[in-house]
Amino acid sequence: MIDLRSDTVTQPTEEMRRIMAQAPVGDDVFGEDPSVNALQEYVAELLGKEAALFVPSGVMGNQIALALHCRPGDEVIVEAASHIFTYETAAPAVIARVQLCCLPSAMGQIPLEELQRALRPREYYFPRTALLCLENTHNRHGGTVLPLSYIEQAAELVRRYGIALHCDGARLWNACAATGITPRQYAEPFDTVMVCFSKGLGAPVGSALVGSRAFIEEARRWRKILGGGMRQAGILAAAALYALRHHRERLQEDHEHARLFATLLADAAVVEVDLERVQTNIVVFRYPQKISFAAFAEACRREGVLLSQGLPGYARAVFHLHISRQQACEAAQRIIRAVRSPGVV
Ligand code: TLP
């Protein structure tokens, strides 16, 4: 089976497991886990921020950021297909108790005029616009990269209104691998950035939230409130640190495999693939619309490929460290066969 549902499906490598088994650990709720502390220092340095906090998941990292940047009843601007709006189980309504203002875009870049229009005048009867969240790379738009110049312009705009800026950088590493822009350069315009180790980097669990020292101290309180105090978490942090040091360089391979797969699908002309969107390790494509996604995914599963759902009408294939070049080609051939199978055509 070629599993392209997500880059979250990876298994820790042998070497990663060895490092995990040997990791020095302590009670991280007391701040005494040397492996967690080493990871946090490394990530803060890499992203050019004062401090970092290891959190169990990307969702928790994003939600802590929302809770700290906003007061209940504030408004947060997000892109309409963002992970925060789509896949975080309405957590902003439950945890930070904020309202989301969702602005559509073609590839994750909210047009700046739309952004400007959405900023609320400071009247007591409007919600207060407190935060802008940008997602880089943008998952549902197909792993598309935000240009640094766009981020800088958006930051310049919202700063004028005293609005904070948070980056959902679950796949920021992919944006860096695709552009050569460093994590520090990408993080610079933001107050806070969330990054994941459990996606393309291949660590089993974990994300980090980075920002100012004062912000991260408060974030530690929120992590505890949410039940994210993880005691001997060094065993996981060691895997994350290993992944950061050894698996970042190879992300380029996943991008090449995604492009190869997308080109094969596009050439066969059986599904619609927009090659302009294939910028990193994700390929979204339009499957034959007379069947449901479930029926299409089942036809692909019968051929030995697992896919996930993207935007309505779109399937998603994600490339990761267990997928070879040969499997990327094979997956495209199998999907082409699935599309041509009875009941699908
Ligand atoms: N994304 C997952 C699913 O939740 C859709 C995936 O398979 O791609 N931000 C972004 C942009 C993400 O893509 C994800 C996970 C998260 C946040 C949340 O990370 P976790 O799963 O660690 O909470």
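How do the residues of the lining of the largest cavity divide into nonpolar, polar and charged? There are four nonpolar, one polar and three charged residues around that space. Keep in mind that this is a predicted model, and let us walk through its enclosed and open spaces in turn.

**The cavity**

A search of the whole structure turns up one cavity of 30 Å³ or more. The volume of the largest cavity is about 40 Å³. If you would like to select its walls in your viewer, pick Val 78, Glu 79, Ser 82, Ile 84, Cys 133, Leu 134, Glu 135 and Asp 168. Two strands, β3 (75–79) and β5 (129–135), each give two or more residues to this lining. Of the elements involved, β5 gives the most, with three residues.

**The largest pocket**

Now to the open spaces. The largest pocket holds about 260 Å³ of space, and 22 residues line it. A handy place to centre your view is the group that lies nearest the middle of this pocket: His 83, Tyr 87, Asn 139, Arg 171 and Lys 199. In the lining as a whole, ten residues are polar, seven are charged and five are nonpolar.

Where does this lining come from? At least two residues each are supplied by α3 (58–69), β7 (192–196) and β12 (308–309). The largest share belongs to α3, with three residues. Both domain 1 (11–245) and domain 2 (250–339) take part, each contributing at least three residues to the lining of the largest pocket.

**The second largest pocket**

The second largest pocket has a volume of about 170 Å³. Around it you will find Asn 37, Gln 40, Glu 41, Ala 44, Glu 50, Ala 51, Ala 52, Arg 213, Ile 216, Glu 217 and Arg 220. Two helices and a strand, α2 (34–47), α10 (213–225) and β2 (51–55), each give two or more residues to that lining. By class, five of the lining residues are charged, four are nonpolar and two are polar.

**Lining classes side by side**

Here is a small table for quick reference.

| Space | Nonpolar | Polar | Charged |
|---|---|---|---|
| Largest pocket | five residues | ten residues | seven residues |
| Second largest pocket | four residues | two residues | five residues |
| Largest cavity | four residues | one residue | three residues |

How values were computed. Residues are numbered from 1 along each chain as its sequence is written. This is a predicted model: local features need pLDDT of at least 70, side-chain atom pairs count only at pLDDT 80 or more; totals for chains, interfaces and linings use all residues. Side-chain values use heavy atoms; hydrogens and water are left out. On a 1 Å grid over the protein atoms alone, a cavity is a set of points where a 1.4 Å probe fits but cannot get out, and a pocket is an open set with protein on both sides within 12 Å along at least five of seven lines; lining residues have an atom within 4 Å of a point. Grid points are joined across faces, edges and corners, and a volume is the space filled by probe spheres set on the points. Helices (H or I, at least four residues) and strands (E, at least two) are DSSP runs, numbered from the N terminus. Ala, Val, Leu, Ile, Met, Phe, Trp, Tyr, Cys and Pro count as nonpolar, Asp, Glu, Lys and Arg as charged, and the others, Gly among them, as polar. Domain bounds come from an automatic or database domain assignment.
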